[in-house]
Amino acid sequence: SYSFRDRPLDAAIAGMQRLGLTSCELWQGHLEPRPVPRDELRRWRETVEIGVFHRVREQLAKASISLSAYNLSFRDDFSEAEIERGFEMARALGAPAITSSSNVATVARIAPVAARQQMVVAVHNHSRLDANEFASAASLTGALAQGSFIAVNLDIGHFTAANEDAVAFLSAHHN
């Protein structure tokens, strides 16, 4: 739904329906309050009634749109409770996986929760070359080494912009 980030969830769903889309990766920005201070967002994530996510699941089902993933970008500043709650949110939405523009260092905190929850978290890469951002093949390979519930949501455009070879990476890591 990130492609519809310029509109609220209801309008995004209507746009998806007009286009005949029947599956989506639901972007966190369609559910979270914004713009709000970081501490307020943390409090919302840790305390929001889980029924909110059940209602969104029903709304998507009524629109004949299934979720391929919930996009929740776990970052370094996430509390342990926010990480745990992210999995509860995804499960309540009926999402089989979480996609995440996460930080490299954060994966070590996410991997054990993903394994315990038995839910895949696929890290999304960008082209910003930084030691704590996913951009290179090495950074993504390092994430994969964190456990069997960590995967890659490869953005080929970003990967190419970072001077990486998407075909070689996919050939090596297609499993």
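**Figure 1. Glutamate 32 pairs with arginine 45 in a salt bridge.** The view comes from a predicted model. The closest N and O atoms of the pair are 2.7 Å apart. Glutamate 32 sits in the loop between strand 1 (23–27) and helix 2 (38–47), and arginine 45 belongs to helix 2, so the contact ties together parts 13 residues apart in sequence. Both residues are buried.

**Figure 2. Aspartate 77 forms a salt bridge with arginine 38.** Here the closest N and O atoms lie 2.8 Å apart. Aspartate 77 is in the loop between strand 2 (66–71) and helix 4 (80–93), while arginine 38 is in helix 2, so this pair links parts 39 residues apart in sequence. Aspartate 77 is partly exposed, at 39% relative accessible area. Arginine 38 is also partly exposed, at 26%.

**Figure 3. Glutamate 88 and arginine 85 form a salt bridge within helix 4.** The two residues are 3 apart, about one turn of the helix. Their closest N and O atoms are separated by 3.1 Å. Glutamate 88 is partly exposed, with 40% relative accessibility. Arginine 85 is buried, with a relative accessible area of 10%.

**Figure 4. Shared partners join salt bridges into one network.** Its members are Glu32, Arg38, Arg42, Arg45, Asp77 and Glu82. The pairs glutamate 32 with arginine 45 and aspartate 77 with arginine 38 appear again in this view. The model's count of salt bridges comes to 13. Side chains of opposite charge can pair when their charged atoms come close.

**Figure 5. Serine 139 is a buried residue of helix 6.** The helix spans residues 137–144. Serine 139 has 14% relative accessibility; the limit for buried is under 20%, so the residue counts as buried. A polar atom of the serine 139 side chain lies 3.3 Å from the backbone nitrogen of alanine 135. Beyond neighbours within four places in sequence, serine 139 is in contact with Val104, Glu133 and Phe134.

**Figure 6. Nine residues are shown around the largest pocket: Tyr2, Glu25, Trp27, Asn71, Ser101, His124, His126, Asn153 and His158.** The space in this pocket is about 250 Å³. How does the lining divide into nonpolar, polar and charged residues? There are 2 nonpolar, 6 polar and 1 charged. Glu25 is the charged one, because Asp, Glu, Lys and Arg are counted as charged. Tyr2 and Trp27 are the nonpolar pair, because Tyr and Trp count as nonpolar. Among the polar residues are His124, His126 and His158.

Methods. Residues numbered from 1 in each chain as written. Predicted model: local features only at pLDDT ≥ 70, side-chain atom pairs only at ≥ 80, totals over all residues. Heavy atoms only, no water. 1 Å grid on protein atoms, 1.4 Å probe; cavity = no way out; pocket = protein on both sides within 12 Å on 5 of 7 lines; lining within 4 Å. Points joined across faces, edges and corners; volume = space filled by probe spheres on them. Helix = DSSP H or I, 4+ residues; strand = E, 2+ residues; numbered from the N terminus. Buried < 20%, exposed > 50% of the residue type's maximum accessible area, 1.4 Å probe, protein only. Polar contact = N/O pair within 3.5 Å; in protein donor to acceptor, adjacent residues only side chain to side chain. Contact = heavy atoms within 4.5 Å. Salt bridge = Lys/Arg side-chain N within 4 Å of Asp/Glu carboxyl O.
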